[in-house]
Amino acid sequence: MRLVFATNNLNKLKEVQEMLSDQIELLSLKDIGCSEEIEETATTLEGNAKLKADYITEHYGYDCFADDTGLEVDSLLGAPGVYSARYGGEPRSADKNIEKLLTEIEDKEDRSAQFRTIITLNLDDKSYDFEGICKGLILKKRSGSKGFGYDPVFQPEGYSLSFAEMSSDEKNSISHRGIAIQKLVQFLNNID
């Protein structure tokens with residue numbers, strides 16, 4: 001089976017590829033010649049994942065899945081949420097996003113947060129959604145050098161390490177994206 005993963009984020013692509021079975025050939029946007037920026041104009045993670053998957057299916061004719069992920073911080077009423085990638089402003093920068101987040105919650109007692117991923121799969125003219133959630137807390141300072149995005153300041157529930165201190169296998173087994181991808185893979189493996 002050939003599927004397009006609608007992303008230009010090579011870290012996400014690698015993370016997902018490691019989790020898929022050999023039966024699924026994963027194509028990137030570059031692989032199909034899609035170089036345009038797909039606008040993420042929806043106000044929800046679900047909406048953005050659908051926009052991206054529909055764009056590839058409609059313009060390139062491929063079965064496709066797309067994800068959108070947000071970091072939802074309780075004391076910030078769910079922010080940065082759908083705006084996580086651009087939280088620190090343009091141009092997008094993980095460092096600026098982390099700095100803004102740490103400044104925003106500096107005086108907050110409640111540091112609980114969750115990462116939430118929504119995946120929309122367009123397959124054989126039908127659409128399916130898969131959700132993954134990983135609860136945890138925001139650390140007071142960065143810890144670790146692996147991973148990407150907010151990984152250095154997110155500590156998953158039940159662990160003493162940040163995502164950026166974990167091996168990719170360990171992170172994938174408990175992460176929001178890992179959980180959503182596992183649901184997607186299980187679904188794909190059960191198709192006749």
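This passage describes helix 1, three individual residues, two cis peptide bonds and two residues with positive phi in a predicted model.

Helix 1, which spans residues 10-17, has a buried side to which Lys 12, Leu 13, Glu 15 and Val 16 contribute. These residues lie on the same side of helix 1, because the arc that they cover around the axis is only 165°. On the face of the helix that is turned away from this buried side, the exposed residues Leu 10 and Lys 14 are found. The buried residues of helix 1 are covered by elements from several parts of the chain, including strand 1 (2-5), strand 2 (25-27) and strand 3 (64-73), together with helix 4 (168-174) and helix 5 (176-189).

One of the elements that cover the buried residues of helix 1 is helix 4, and Asn 172 is located in that helix. With a relative accessibility of 6%, Asn 172 falls under the 20% limit and therefore counts as buried. When residues up to four places away in sequence are left aside, Asn 172 touches Glu 15, Glu 18 and Met 19, and it also touches Gly 178 and Gln 182. Of these partners, Glu 15 is one of the buried residues of helix 1, so that the contact between Asn 172 and Glu 15 links a residue of helix 4 with a residue of helix 1.

A second buried position is found in helix 2 (45-60), where Ala 53 is placed. Ala 53 counts as buried because its relative accessibility is 0%. Its contacts, again without residues up to four places away in sequence, are with Cys 64, Ala 66, Thr 120 and Asn 122. The C-alpha atom of Ala 53 is separated by 15 Å from that of Leu 13, a residue 40 places away along the chain; Leu 13 is itself among the buried residues of helix 1.

The loop between strand 2 and helix 2 holds Asp 31, which, in contrast to the buried Ala 53, counts as exposed at a relative accessibility of 53%. The side chain of Asp 31 nevertheless reaches the backbone nitrogen of Ser 28, at a distance of 2.9 Å. Although Asp 31 and Val 4 are 27 residues apart along the chain, their C-alpha atoms are separated by 8.6 Å.

Two peptide bonds that lead into proline residues are cis. In the bond from Ala 79 to Pro 80, omega is near 0°, and Pro 80 belongs to strand 4, which comprises residues 80-81. In the bond from Glu 90 to Pro 91, omega is near -10°, and Pro 91 lies in the loop that runs between strand 4 and helix 3 (94-104).

Positive phi values occur at two residues that are not glycine. For Leu 77, phi is near 55°, and this residue is placed in the loop between strand 3 and strand 4. Leu 77 counts as exposed because its relative accessibility is 83%. For Asp 125, phi is about 65°, and its place is in the loop that connects strand 5 (112-123) with strand 6 (126-138). Asp 125, with a relative accessible area of 85%, is likewise exposed.

Note on methods: Residues numbered from 1 in each chain as written. Predicted model: local features only at pLDDT ≥ 70, side-chain atom pairs only at ≥ 80, totals over all residues. Heavy atoms only, no water. Buried < 20%, exposed > 50% of the residue type's maximum accessible area, 1.4 Å probe, protein only. Helix = DSSP H or I, 4+ residues; strand = E, 2+ residues; numbered from the N terminus. Arc of directions from axis to C-beta. Contact = heavy atoms within 4.5 Å. Polar contact = N/O pair within 3.5 Å; in protein donor to acceptor, adjacent residues only side chain to side chain.
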